[in-house]
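Trainee: Got a minute to go through this one with me? I'd like to get a feel for the fold, then poke at the pockets and a few residues.

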Amino acid sequence: NQMLVLDLVWKAWDKTEFFVNPSLEIGMGYEFNGTGGAYDPYYSRLSYRGGANFTQLAYQEIPQYQGSIGLGLPLGKSDKMLDLAFVYGHRGDLETYGFSEDYLKMVFSVTGISHWGKSRRSR
């Protein structure tokens, strides 16, 4: 019920010159899913997430850093979840790029397991 992820993306702006003005993204994250079943206490079914990200786009060349924390809240006895996440990010540098920006995002999403292709009897 745990997952650790590391992601690296490198893209060249020009396909003939791989190292000329590339785009770079590095991300990592961790998730812990609660081990409780449908009838166990609510707190034992929660999911916890955290992550960090660095991005430098080819056409901007402005570095961006992000960190996030999240929580998955089970909806009823089903496999559906309400996911909440808070993302803090920083972009630019006042001395180098002429601007500096900090931002905070709050993200909501609903996830679930679909029953497509299953008959009502086997659900």
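Mentor: Sure, we'll take the overall fold, then the pockets, then some single residues. Keep in mind that this is a predicted model.

Trainee: OK, how many helices and strands does the protein chain have?

Mentor: One helix and six strands. Going along the sequence, the pattern reads β-β-β-β-β-α-β.

Trainee: And what share of the 123 residues is buried?

Mentor: Buried residues come to 22% of the chain. The accessible surface is about 9200 Å², and carbon and sulfur atoms hold 59% of that area.

Trainee: How much of the contact set links residues 24 or more positions apart?

Mentor: If you take the contacts with a separation of 6 or more, 40% of them are between residues 24 or more positions apart.

Trainee: Switching to pockets. What volume does the largest pocket have?

Mentor: About 270 Å³. It has 18 lining residues, and the closest to the centre are Gly-51, Ser-68, Ile-69, Ala-85 and Val-87.

Trainee: Which elements give two or more residues to that lining?

Mentor: Strands S2 (23-33), S3 (47-56), S4, S5 (81-93) and S6 (99-111). By class, the lining splits into seven nonpolar, nine polar and two charged residues.

Trainee: What about the second largest pocket, how much space is in there?

Mentor: About 180 Å³. Its lining includes Gly-34, Gly-36, Gly-37 and Ala-38, along with Arg-45, Pro-74 and the run Lys-77, Ser-78, Asp-79, Lys-80 and Met-81. That lining has three nonpolar, four polar and four charged residues.

Trainee: Gly-34 and Gly-36 are on that list. Which loop residue is in contact with both of them?

Mentor: Ser-44, which also contacts Thr-35, leaving aside neighbours within four places in sequence. Ser-44 sits in the loop between S2 and S3. A polar atom of the Ser-44 side chain is 2.6 Å from the backbone oxygen of Pro-41.

Trainee: Now Asp-83. Where is it, and is it buried or exposed?

Mentor: Asp-83 is in strand S5. Asp-83 counts as buried because its relative accessibility is 11%, and the cut-off for buried is under 20%.

Trainee: A buried Asp, then. What does the Asp-83 side chain pair with?

Mentor: The side chain of Thr-111, through a polar contact of 3.4 Å. Beyond four places in sequence, Asp-83 also contacts Arg-49, Leu-71, Gly-72, Val-107, Phe-108 and Ser-109.

Trainee: How far is Asp-83 from Val-107, in sequence and in space?

Mentor: They're 24 residues apart in sequence, with 7.9 Å between their C-alpha atoms.

Trainee: Last one: Gln-64. Which strand holds it?

Mentor: Gln-64 is in S4, which covers residues 63-74.

Trainee: And why does Gln-64 get called buried?

Mentor: Because its relative accessible area is 17%, which falls under the 20% cut-off.

Trainee: What does the Gln-64 side chain make a polar contact with?

Mentor: The side chain of Tyr-103, at 3.0 Å. Skipping residues up to four places away, Gln-64 touches Tyr-103 as well as Asn-53, Phe-54, Thr-55, His-90 and Arg-91.

Trainee: So for my notes: which two buried residues did we look at, and what are their side-chain polar partners?

Mentor: Gln-64 is buried and pairs with Tyr-103, while Asp-83 is buried and pairs with Thr-111.

Technical notes:
Residues numbered from 1 in each chain as written. Predicted model: local features only at pLDDT ≥ 70, side-chain atom pairs only at ≥ 80, totals over all residues. Heavy atoms only, no water. Helix = DSSP H or I, 4+ residues; strand = E, 2+ residues; numbered from the N terminus. Buried < 20%, exposed > 50% of the residue type's maximum accessible area, 1.4 Å probe, protein only. Polar contact = N/O pair within 3.5 Å; in protein donor to acceptor, adjacent residues only side chain to side chain. Contact = heavy atoms within 4.5 Å. 1 Å grid on protein atoms, 1.4 Å probe; cavity = no way out; pocket = protein on both sides within 12 Å on 5 of 7 lines; lining within 4 Å. Points joined across faces, edges and corners; volume = space filled by probe spheres on them. Nonpolar A, V, L, I, M, F, W, Y, C, P; charged D, E, K, R; others polar. Areas by Shrake-Rupley, 256 points an atom, 1.4 Å probe, with all protein chains shown as cover.
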